[in-house]
Every structure is written in C-alpha cells, then in structure tokens.
Amino acid sequence: MKHQIKEAKGKLGVLMPGLGAVATTFIAGVASIRKGLSKPIGSVTQMGSIRLGKRTENRNPKIKDFVSLASLDDLVFGGWDVYEDNVYTAAVKAEVLDRFMLEAIRPELEAIVPMKAAFDKNFVKNLDGTHIKEGNRYEQAQAVMEDIKNFKEKNGCDRVVMVWCGSTEIYHEPAEVHMSLAAFEKGLKDNDPRIAPSMIYAYAAIKLGVPYANGAPNLTCDIPALTELAKQTKTPIGGKDFKTGQTLMKTILAPGLHARALGMEGWFSTNILGNRDGWVLDDPDNFKTKEVSKLGVLEDILHPDENPELYGDLYHKIRINYYPPRKDNKESWDNIDILGWMGYKMQIKVNFLCRDSILAAPIVLDLALFIDFAKRAGMSGIQEWLSFYFKSPQTAPGLRPEHDIFKQLIKLENTLRYLMGEDLITHLGLDYYEGILEAQ
Ligand SMILES: NC(=O)c1ccc[n+]([C@@H]2O[C@H](COP(=O)([O-])OP(=O)(O)OC[C@H]3O[C@@H](n4cnc5c(N)ncnc54)[C@H](O)[C@@H]3O)[C@@H](O)[C@H]2O)c1
C-alpha cells in the first residue's frame, strides 16, 4: 500500500548553521549544477537508481524519479556563522573549488550572507569570530526561531530543513539538563553552560517542526530532551557526523572482510588535513568528539564479543593531524592487519587522497532532500534509514547502530519501496530456482 506523501511543491529552504567548507561547497555545487556546469556526482538522490520488483521486470528508475523530492531548482539556501563572510568569500577562503568555477556563480553565492550565530567559545576554542547573537541561551533560541520564520517568509519557502554544517564541538556527555524537555527548557532559561550551541539550533528547528540533520559528531539532537521534542512536534531528526573519507572506506572494507570470516588484529588510521575543520580538531577536546564518533564503527561491524577468535584482540587507533599545506585535500593512510586460514597474517594498506568537502557536499544535499521527504511522508523522530550517511548513526536508546554501508543502503532503499507501496526486496530469489527444480 502506498503511503500518503505530500508532493514536493514550492521552494525548500535549506538552512545550515556553519557556512564553512562543506556548506559552501554544497551550495556552490547546486548553483553550478543548475547552470549545467557540473554534475551531482556522489549524490544518491540525483544519480543513484533503485531496483523495483523482480530482476526480470527491469525496473530501475533513478531515485529522484521514483520518490517525490524537491528539485534542485527549488532549493533556497541560508545559514549562520560566527564569521561575516558571504558564501562566495567563504568558499574562496575554503579553497575547495576552482576560482573560475566560483566566478561563474559568484552573484548567487555573494547574495547568501550568514545570520549571526548562536555561539559559545567554550565549545570551539579555536574559533574567534565575532558575528554572534546577544543574550542568554533562551534568547538565542528565540532569535534562531525568528531567523527561521523570517527566512521562510522572505524567500517564499513552502518548507524548510536544517542541516548542521558547523564545527565539531568539544566532547561532553549527556547530563541531567539533557534528559527531558522540561529540564532542557529550564536550562535554556538558566543559561546552563552544558547546553551546546548546536543544541540551541536543533531545539529551535525541532520546536518549529523543521526537520534537523546533524553533520558533526556533537551530541546535538542525540539527547532525550530533543527526541522528546521531535516526537511532540512530529519532526524527523537524524545524525551524527557525515560519513566521508576514511570512515566511508572503513565501512566499505570491514563488512567485506567480516563477510569472508577473515580475522583482524589491528586497524591503524591516520590523517592529515589543513582546513578550518582540521584546525578545530587540533584541540584535544574537539578531537575527542570526532574520535568517539569514528571508533564505534569497527566494533559494530565486526562484533568482537560474538566472534572473539577473529576479532577479540582487535586494536583500533585513529589519529587526525592538522597540516595546513593540504588544506581541504585530506590524505589518509590505513594499515589493516588481518588473519587468514590457519592464522596466517596479511596486511592491507589504503592511501586515500580525498577531498573532504567534495565527499561531504552530496551528503548534505541528500540529507536535506530525504529529511524533507520524511516529513512529507508523515515520519518523525530518529530517521534510522538515513544511517547510510552518518559515521555514528543516531538510534533509539538501547539499539546498536548499523554501520555496514551495504546493510544501510538496503534499509534506505527498502524504506523508500515501503513508503511508495512497492515490494520489499529480500534478495531470496528462490522462485527462479523452484522453476528449475520442477523442470528436472
Ligand atoms: N568535510 C568533511 O568531509 C566532513 C565529514 C564529516 C563531518 N564533517 C563535519 O562537518 C562540519 C563542517 O565541516 P567543514 O569542513 O565545513 O568545517 P569548517 O570549519 O570549514 O566550517 C564550519 C563552520 O562552522 C562555523 N561555526 C562554528 N560554530 C558555529 C555556531 N555555533 N554557529 C554557526 N556557525 C558556527 C565556523 O565558523 C565555520 O565557518 C564539521 O563539524 C566537520 O567535522 C565534515
């Protein structure tokens, strides 16, 4: 049965706290694609297809032709930053995209000017921007809500979504103030220092029923107070941390090694990067948030507890080093020590010369389109089917996140099939063989 899904009519506002490398690469990419200057490579919504029905039916539409998603022409962008640079200037400074490409879309980018940020330097010590809202946390939340409403009205948007593209905040664990909506709202009024700026944006969005996706490893909406609010306002939410670069490779490779029941003794990952994200992560408290997000991946794919002979001694180490000459062109090295038949040792080396924001930008696009789709389909709360896009997928309490990218894709595709009234695909395919057996 097909679900009732409202059509994607009118403009969709995509609001981003943090107009840095990822956000500006995303906006510039969409602007250049609209002009026919480039292609949305890496975006599953734009370039991916989905099989429907049996293999013999040969139905493989593009995802964007199968489900009703906002078209790229209907997207309008806005955001907040602690620096005043417009999107063109911020993109030039980020040094991700070629200057000639940026010149071709300069007017559109220059027109997008950040709103003043809800900020607390204690959460990102390496930033010194001054484009910041006045007032305590409660007043900042009210101001963000006003920003959202004004943006929507000024741009004639039918709907709005928010994707956190701001810096990684320092590591902190959920405290009392995060445990219920009542405690959180009291905390806002008391200007409780345990409420992070990212939580202020998330609260403002969810309170207004604006779907929220978290691209950084910060707790943000992964706290009981905000999942409660999401339930109350029927708002879809998701996080955490865009799955790009090294973790993308990890969640592609590890399921394959695990599938072949090969053992693993160690996985050492190191990175160099020199963008502003790298500078923020140079602070140990901010790095800790990223480290926790990246570390869970292998354990959840390999399940050492269930398979101690293969993975019981696994040593997993991750390093990120700030190295300015590389800017956004991160280079990562992985050394994987694996075990084969009779315990014989082997090694795999991966050297990925990637472009961080080039991998992240299509994720921002897909998340914005899918989380808007989720809202129109009447879905709310944690959208686990979007785990495909996250390093550290947010789940319901007590549930283990699924990190295997192939299982994540099956879940994403089956969710779309389910909502559109198509058969789920189990890959059993026994009916083809039954025919053969009967014929013998
Ligand atoms: N680039 C990737 O591949 C990738 C992958 C996964 C996650 N991420 C995460 O995405 C986020 C953005 O990455 P980036 O490379 O664009 O970083 P960036 O440093 O270029 O941009 C982040 C921007 O957020 C702004 N900011 C910080 N706190 C803010 C606040 N409270 N309100 C408004 N603006 C705020 C900063 O001033 C900065 O301009 C980071 O948290 C990063 O860890 C990036």
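This passage describes the surroundings of the ligand and the nonpolar cores in a predicted model.

The ligand is surrounded by 37 residues, and the closest of these are Gly-18, Gly-20, Val-22, Ala-216 and Arg-276. Two or more residues of the shell come from each of helix 1 (21-34), strand 2 (75-81), helix 12 (276-281) and helix 15 (356-376). Helix 15 makes the largest contribution to the shell, with four residues. Sorted by class, the shell around the ligand consists of 21 nonpolar, 11 polar and five charged residues. The ligand lies between domain 1 (11-242 + 357-419) and domain 2 (246-353), because both domains give residues to the shell around the ligand.

The largest nonpolar core comprises 103 residues. Within this core, the members that touch the most other members are Ile-27, Leu-109, Val-163, Ile-206, Leu-226, Val-364 and Leu-367. Helix 15 supplies the largest share of the core, 12 residues. Helix 15 thus gives the largest share both to the shell around the ligand and to this core. Both domains take part in the core, with at least three residues drawn from each of domain 1 (11-242 + 357-419) and domain 2 (246-353).

The contacts of one core member, Leu-226, can be listed in detail. When neighbours within four places in sequence are left aside, Leu-226 is in contact with Met-199, Ala-202, Tyr-203, Ile-206 and Cys-221. Of these partners, Ile-206 is also among the residues that touch the most other members of the largest core. Another core, of 11 residues, lies apart from the largest one; Ala-254, Met-264, Leu-298 and Ile-301 are among its residues.

Key
Residues numbered from 1 in each chain as written. Predicted model: local features only at pLDDT ≥ 70, side-chain atom pairs only at ≥ 80, totals over all residues. Near = placed C-beta within 6 Å. Nonpolar A, V, L, I, M, F, W, Y, C, P; charged D, E, K, R; others polar. Domains from an automatic or database assignment. Core = buried A, V, L, I, M, F, W, Y, C linked by C-beta atoms within 7 Å. Buried ≥ 20, exposed ≤ 12 C-beta atoms within 10 Å, placed from the backbone. Contact = placed C-beta atoms within 7 Å.
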